[in-house]
Amino acid sequence: MEYVDSCNLAFVSRFIDQFGWRGADEVGQQGNSVLFLVIQHSPLAVQEKYLPAMQKAVREKKARPDELAMLEDRVSVALHGYQIYGSQLMTNEKGVRSVSPIKDEANVNKRRAAVGLMPLEEYLKLFNIIYTPPK
């Protein structure tokens, strides 16, 4: 799997470096999602390198805001220990999953809605996590 991941990353990196982040109108929805997924599951340095390209692509309507939110969350958790949209989960030493810390958690669902993500409570149900929003 690591070999396949490294090959995918090499291809996607060369592609974005040469052509920029291409939209679904140019590479298809599946191709556009592949760009995101390969970067999302890459090492932090790669995520940081391509985050500005994806931010630009979202502004140009070439990438999905919900996917950008997930990448921004992943980078933020790694760098700062918190996230903005609540898309990242963690597993404790006993194997229990929970949502990683969220900055300004009281307003997370407003931010999620703005980028097209379902409410946090619904998202976490997909992982059998019961979530009670802060009051």
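Start by selecting helix H1 in this predicted model. At 1.5 Å a residue, its 18 residues should span 26 Å, and the C-alpha atoms at its ends lie 25 Å apart, which agrees.

Stay on H1 and show its side chains. Pick out Leu-9, Val-12, Ser-13, Phe-15 and Ile-16, the buried residues of this helix. Now look down the axis of H1: these buried residues fall within an arc of 165°, so they line one face of the helix. Turn to the face pointing away from that buried side, where the exposed residues Tyr-3, Phe-11, Arg-14 and Gln-18 sit. What do the buried residues of H1 pack against? They pack against H2 and H3. Before leaving, select Gly-20, which follows H1 and has a positive phi, near 80°.

Next, show H2 and H3 together. Two packed helices are described by the distance between their axes and by the angle between those axes. For H2 and H3, the axes come within 9 Å and cross at roughly 150°. Select Phe-36, Ile-39 and Gln-40 on the H2 side, then Val-46, Gln-47, Tyr-50 and Met-54 on the H3 side; these are the residues that meet. How many residues of this contact are nonpolar, polar or charged? Five are nonpolar, two are polar and none is charged.

One residue of that contact deserves its own selection. Gln-47 is in helix H3. Is Gln-47 buried or exposed? Its relative accessible area is 4%, under the 20% limit, so Gln-47 is buried. Leaving out residues up to four places away in sequence, Gln-47 touches Ile-39, Gln-40, Ser-42, Leu-71, Arg-74 and Val-75.

Now widen the view to the largest nonpolar core, which has 19 residues. Select Ile-16, Trp-21, Ile-39, Met-54 and Leu-71, the members that touch the most other members. Which helices each supply at least two residues of this core? Helix H1 (2-19), helix H2 (24-40), helix H3 (44-59) and helix H4 (65-80) do. H3 gives the most, with six residues.

Centre on Leu-71. Apart from its neighbours within four places in sequence, Leu-71 is in contact with Phe-36, Ile-39, Gln-40, Gln-47, Leu-51 and Met-54. Then move to a second, separate core of eight residues, which includes Ile-102, Leu-124, Ile-129 and Tyr-131.

Go back to H2 and select Ser-33, which lies in that helix. With a relative accessible area of 14%, Ser-33 is buried, because the limit for buried is under 20%. Which residues does Ser-33 touch, not counting residues up to four places away in sequence? They are Arg-64 and Glu-67.

The last stop is Ala-69, found in helix H4. Ala-69 is buried, with a relative accessible area of 1%. Select Tyr-85, Ser-87, Val-115 and Leu-117 alongside: Ala-69 touches these four, residues up to four places away in sequence not being counted. To end, add Asn-8, which is 61 residues from Ala-69 along the chain; the C-alpha atoms of Ala-69 and Asn-8 are separated by 22 Å.

Note on methods
Residues numbered from 1 in each chain as written. Predicted model: local features only at pLDDT ≥ 70, side-chain atom pairs only at ≥ 80, totals over all residues. Heavy atoms only, no water. Core = buried A, V, L, I, M, F, W, Y, C linked by side-chain atoms within 4.5 Å. Buried < 20%, exposed > 50% of the residue type's maximum accessible area, 1.4 Å probe, protein only. Helix = DSSP H or I, 4+ residues; strand = E, 2+ residues; numbered from the N terminus. Contact = heavy atoms within 4.5 Å. Expected span 1.5 Å × (residues − 1). Arc of directions from axis to C-beta. Axes fitted to C-alpha atoms, helices over the stretch in contact; angles between N-to-C directions. Nonpolar A, V, L, I, M, F, W, Y, C, P; charged D, E, K, R; others polar.
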